[in-house]
Amino acid sequence: MVSLAEQINLSNNGLPLPDGVSQEIFDLSRNIKRSEMAADILQRLEPVLKDYRADRNIAVACGLLLEKTGTERDMRSLWDHLQGRYPEDGLALRMLMRWYRRDGRVADGIDHIARLYPDCWRTLSQARIALPGLVELKAWDELDQLWATLSVLHPQDRSLRMDYIKALLEQSRFIDAATVAKGVYARERMGRASQEMLATVEHKAGMMAKYNLSHSATVIDEIFSRAPSPRPRACAPKIVFFSGQLGTGGAERQMTRIACAFKERSKRHASPTPEVWVKHTNPATGADFYRPMMAEADVPVRVLAEERQIQTAELGGISSELAELIDLLAPDVHRHTCQLLRHFRAHQTDVAYLWQDGGIVQSAIAAVLAGVPRIVTSFRGLPPNLRPTFYRDELPVLYTALARMPHVTLTANSQKAATAYEDWLALAPGTVQVIPNAVNIMSSDGDQTDTALWSDILRQTEPCTKTVLGVFRFDTNKRPLQWIETAARYLARHDDTRFVMLGDGALLPEARALIETLGLSHRVFAVGIRSNVGFYMHRADLLMHLAQMEGLPNVLIESQLVGTPVLATPAGGTDEVVEQGVTGVILSAADTLPEQELDTALASLLTDPDRLARFGATAMAHSVDRFSVETILNRTSDLFNTIETAKTIEQAY
């Protein structure tokens, strides 16, 4: 498939575009909102891309339109290509930095900006490109350092000052933003939107002073101090699960699995149907992956992005002070708090089961203000202080406040994660309860595509007698490239094993290219996302998992449930799933991959079929009861029905 970057003709041998067409298309691309309209315009542009010489406006417009279709594939390479060709284009840099941030590569993005714009601290032309790029990365420390110099060298440059004020607003640093706003030159000649933004900054800074708040995150404590008491709980409780999306991640799979199990139980006991609420389900990015399953199970799904935003003034039933404090929340938290507060009230939610740090920060304040009688949070990995990309200032304030509330319980899916959250928040051991993942035994059945694919793999690897499987998202954390390199080192000494990788992600094209470069396309196969993962697990002799960071890895549980032993790094709760030397082998380190140890362990396992069989049988026997859906459903139901006493909370401190 030809990428958009390859379709755009930037050479001098094409026909020049008629006057005005380029700018018109660029302006149109910026104003389009709906994905279907963006896709339609791109289709209509195909003859233009083919027959005419594109300029910068056309090239960037195509990139923007492709972004608005919601696609992920090829976007990184496209913006990298365009930004490299047009280094003076600030929009191209911002879009490239957005993908750096999405991929968790903020440090690489900072290096990229420093390399291309080394004089941005003193040269206005470079500063006007670099500063918005740092904003897109959310590289706040670097941005502050850059502004400290620019504000001295260029004190009257209004556009830079306004860009920095916008960045401070995004961080809810209202007092700092108001201080910077005082230096805006010729304010009276600015446009209406800019003047309104400055007025908002000054108003919110005034509210911060009114309530004696030094940082916007501390507004959460002020809000909770004015929150109503929890409502009495209904005999037949209404349950809401909330998270960010319904994509292919392990947390989303776990949440939807438990929601469906509660739905089945509600049918048997004539109790209210649980509902799943999420922020968005963008199909182009796979954020709707589990939505069809929810429909099939008849679990209602509410998508906030499909509904209009609610303003604080529309909420009703809150004091003027509380309304002012809610307006001081970060913009995304404010938006979802207002939407969810209205929905929790209207739904009369009895149990709010809030998933993942991002989902919790968007929903917990609303649940408390709505008087939801039972609130349970679910942490799905190590805390944000150990994962800087996911850190935000509100989280420690929010979690510490929630931990004090008798009707709130914090949970994690592994003991390692629970302990890490307790250490971070200075909570007593046991404050964060552990609810492991529920995992179904995966079927060995596949569809016609799976059967044909597997037959083709067997045909290409006819001499091979063993299969090593990898199931993961192709990102830097899961180390797909190192996985391939490990396979290459093994195959350099043994030609009896095929290596099969399932999954998708940003690094899939690079992984496939590496396989080709190494000349291993007849032994290593990156086949993309497959719905029937069990089909491949049942046919594997070993699952190899080389993650750097994990929560409680579902794939390791699933593998062991079908009797496939595991070779894995000790990331997250791996040692709570895999029994060292009994159901698999755990390496000594996860932060840095111990290659020699990995190679030795891989060879030792693959050359000892009796040991593999013993590990697999033991893994299956030890996993069934611990991780069955029924077991975890019962534990979760008990948690929903238990309210901690104030005395218990006091003892926790």
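Look at helix α2 first, on the side facing away from its buried residues: there you'll find Glu24 and Asn31, both exposed. Keep in mind that you're looking at a predicted model. Within this helix, which spans residues 21-31, the buried residues are Ser22, Ile25, Phe26 and Ser29. Viewed down the axis of α2, these buried residues fall within an arc of 100°, so they line one face of the helix. What do they pack against? The partners are three helices: α3 (35-51), α4 (56-68) and α6 (90-102).

Now zoom out to the whole chain. The domain assignment splits it into domain 1 (4-215), domain 2 (223-434) and domain 3 (448-634), and helix α2, at residues 21-31, sits inside the bounds of domain 1. Taken over C-alpha atoms, the centres of domain 1 and domain 2 are 32 Å apart. How many residues of each domain are in contact with the other? On the domain 1 side there are 17, and on the domain 2 side 14. Put the two domains together and about 1100 Å² gets buried between them, with carbon and sulfur atoms giving 59% of that area. Within domain 1, the residues losing the most area to domain 2 are Gly70, Met207 and Tyr211, which together account for 38% of what that side buries.

Further along, the UniProt record (an unreviewed entry) places a feature called "domain: Glycosyl transferase family" at residues 466-619. In the model, that stretch is 38% helix and 16% strand, and its end C-alpha atoms are 19 Å apart.

For a closer look at this part of the chain, pick Ser559, found in helix α25 (residues 554-561). Is Ser559 buried or exposed? Its relative accessibility is 1%, so Ser559 counts as buried. Leaving out neighbours within four places in sequence, Ser559 is in contact with Met537, Leu543, Thr564, Pro565 and Val566. There's also Gly534, 25 residues away from Ser559 in sequence, with 8.4 Å between the two C-alpha atoms.

How far should you trust all this? The protein chain averages a pLDDT of 90, and 96% of the residues score at least 70. Residues 645-653 are another matter: pLDDT stays under 50 there. The model has 13 contacts for that segment beyond four places in sequence. Where pLDDT is low, though, the predicted coordinates shouldn't be read in detail.

Note on methods. Residues numbered from 1 in each chain as written. Predicted model: local features only at pLDDT ≥ 70, side-chain atom pairs only at ≥ 80, totals over all residues. Heavy atoms only, no water. pLDDT = per-residue confidence, 0-100. Contact = heavy atoms within 4.5 Å. Buried < 20%, exposed > 50% of the residue type's maximum accessible area, 1.4 Å probe, protein only. Helix = DSSP H or I, 4+ residues; strand = E, 2+ residues; numbered from the N terminus. Arc of directions from axis to C-beta. UniProt positions renumbered as here; feature names shortened; annotations may be inferred. Domains from an automatic or database assignment. Buried area = accessible area lost by both parts, 1.4 Å probe.
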